[in-house]
Amino acid sequence: MAAQEEFFTGIPKIPYVPSAGAGDVMCFKHYHAEEVLMGKTMEDWLRFSVCYWHSFCGTGADPFGSPTLHRPWNEGTPMEAAKLRLRAAFEFFTKLGVKYYTFHDRDMAPEGSTLEESNRNLDEITDLALQLQSQTGIKVLWVTCNLFAHPRYMNGAATNPDCHVLAYAGAQVKKGLDVAKKLGAENFVFWGGREGFLSIYNTDVAAELKHMANFFKMAVQYKEKIGLKCQFLIEPKPKEPCKHQYDYDAMSVIGFLKHYGLESHFKLNIEPNHTTLAGHSYEHDVVMASAFGMLGSVDSNTGSPDLGWDTDQFPMDIRNTTLVMKTIVEQGGLQPGGLNFDAKVRRESTDLEDLFIAHIGAMDAFARGLRHAIRIIEDGLITGMVKERYSSFSHGIGQKVEEGSATLEEMEAFITQKGEPKVTSGKQEKYESIFNHYI
Ligand code: XLS
Ligand code: NI
Ligand code: NI
């Protein structure tokens, strides 16, 4: 196949057609990139990103079945295929109208038989990436290192009991940070692939956590040394592939970062399918991370509530996207992070156009979520009700508690004087009804 050949033939740049009918799924009906809402364009609020591994490396294989997705870019030697794949990806990003992409080092270029060979492969393919980026204006939202697929990492990378393996991971991350600098990545993600354990019998948890913290400190040092200006992100996940992953959920990661004095160097990349695997509701970790000023980016996907694993489906539920966007708008946006579609088409969705349909549907779902969230915020009804609910903390004894200057003796004196508090309704159903009004 010639280098300049089109991969998605017959598919034009996806237009915005708000009047399109129900069956027309190859246009945006809600996502209007340049429309300004609350002082920012939709594009800037949403900062969409396409992920490379699912959409361009995914084959549809699962533990029970062979590949079902036969892509036209998987041709020739591994290096030839890597170049075709990259060209196909940039054609896709451009036609979809998305400004960002994310990738692992090993999905961009094949692993060689030595570190040097892997690095040379990466140099060659990222030269092409740089060229395509400058031709199209498309940028890297984040880079990450694949520290979990190669057999050497079967017992973990930064938490491996063998320092030889940890050193390999360190060497790989060093190169990953160089690549991030070369391509101008705005963030760098650490997802703790196999950082956790399958059996507590063979595991020294305290040692492993300390090694992981020291590994992160090396990464921070190297980032500063090379003058790499990007946000470091940790992506929590409770299980899979390990039975216990150390980066269990948002609060575990925040606790880990604070314990080891790393909190000023990292934020969180929250993936809602991981949040639900941790037994929380969809929006939980987005809200918790944001409450601590630690929400950096979102791997926008969803699971299937009736399946207990990371199915990485495209997010299509408007209620979920509204809750996520409400949090994002309330914190003033996600920059330099974004909404990265860490999502894959089902192995039964075998047409090339399904890749477009999936992304367009998810982008429209988030655009609707954004519009709803902004109506909720601009109306101010829910915000006002919540503010009123906490109003006892704005004066008197409540204000002292708020400021942290109250004592238990003062609590006792207050109760002696005022007696029993009056019963106040929580009004859950009222809030739910009002929320539904905006959906
Ligand atoms: C796996 C993770 C992974 C990270 C990047 O469950 O979501 O895809 O986002 O390594
Ligand atoms: Ni992810
Ligand atoms: Ni995931």
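How many residues does helix α6 have, and how far does it reach from its first C-alpha to its last? In this predicted model, α6 runs over residues 163-183, so it is a good place to start looking, with 21 residues and a reach of 30 Å, close to the 30 Å expected at 1.5 Å a residue.

Let us look at the two ends of this helix. At the N-terminal end, Asp-162 acts as a cap, with a side-chain oxygen 2.9 Å from the backbone nitrogen of His-164. Just after α6 comes Gly-184, which has a positive phi, near 70 degrees. Along the helix itself, the buried residues include Val-165, Leu-166, Ala-169, Val-173, Leu-177 and Leu-183. Gln-172 and Lys-175 are also among them.

Now let us move to the metals. The nickel ion (ligand 2) takes its protein donors from Glu-235, Glu-271, Asp-299 and Asp-342, which lie 2.0 to 2.2 Å from it. Six donor atoms surround this nickel ion, and with angles of 78 to 177 degrees among them the site is octahedral. Along the chain, the donors follow the spacing E-x35-E-x27-D-x42-D. Two of them show how the site links distant parts of the chain: Glu-271 sits in the loop between β10 (266-270) and α9 (272-277), while Asp-342 sits in the loop between β12 (339-341) and α12 (352-379), 71 residues apart. Asp-342 has 6% relative accessibility, so it counts as buried.

A second nickel ion, ligand 3, is coordinated by Glu-271, His-274 and Asp-310 at 2.1 to 2.3 Å. Here the spacing along the chain is E-x2-H-x35-D. Because Glu-271 lies in the loop between β10 and α9 and Asp-310 in the loop between β11 and α11, this pair ties together parts that are 39 residues apart in sequence. Both Glu-271 and Asp-310 are buried.

What joins the two metal sites? Glu-271 bridges the nickel ion (ligand 3) and the nickel ion (ligand 2), which lie 3.8 Å apart. Glu-271 counts as buried because its relative accessibility is 1%.

Finally, have a look at Thr-311, which lies in the loop between β11 (295-299) and α11 (318-330). Is Thr-311 buried or exposed? Its relative accessibility is 5%, so Thr-311 counts as buried. The side chain of Thr-311 makes a polar contact with the side chain of Gln-313, at 2.9 Å. Beyond the residues up to four places away in sequence, Thr-311 touches Asn-273, Thr-302, Gly-303, Ser-304, Lys-344 and Arg-346.

Methods: Residues are numbered from 1 along each chain as its sequence is written. Chains are lettered from A and ligands numbered from 1 in the order in which they are written. This is a predicted model: local features need pLDDT of at least 70, side-chain atom pairs count only at pLDDT 80 or more; totals for chains, interfaces and linings use all residues. Side-chain values use heavy atoms; hydrogens and water are left out. Helices (H or I, at least four residues) and strands (E, at least two) are DSSP runs, numbered from the N terminus. Buried means under 20% relative accessible area, exposed over 50%, partly exposed in between (1.4 Å probe, protein chains only). A polar contact is a pair of N or O atoms within 3.5 Å; within protein, one must be able to donate a hydrogen and the other to accept it, and residues adjacent in sequence count only if both atoms are side-chain atoms. Contact means heavy atoms within 4.5 Å. Donors are N, O and S atoms within 2.8 Å of the metal (3.2 Å for Na, K and Ca); water is not among the atoms, so sites may look incomplete. Four donors count as tetrahedral if all angles lie between 85 and 135 degrees; four count as square planar and six as octahedral if opposite donors are over 155 degrees apart and all others between 65 and 115; anything else is irregular.
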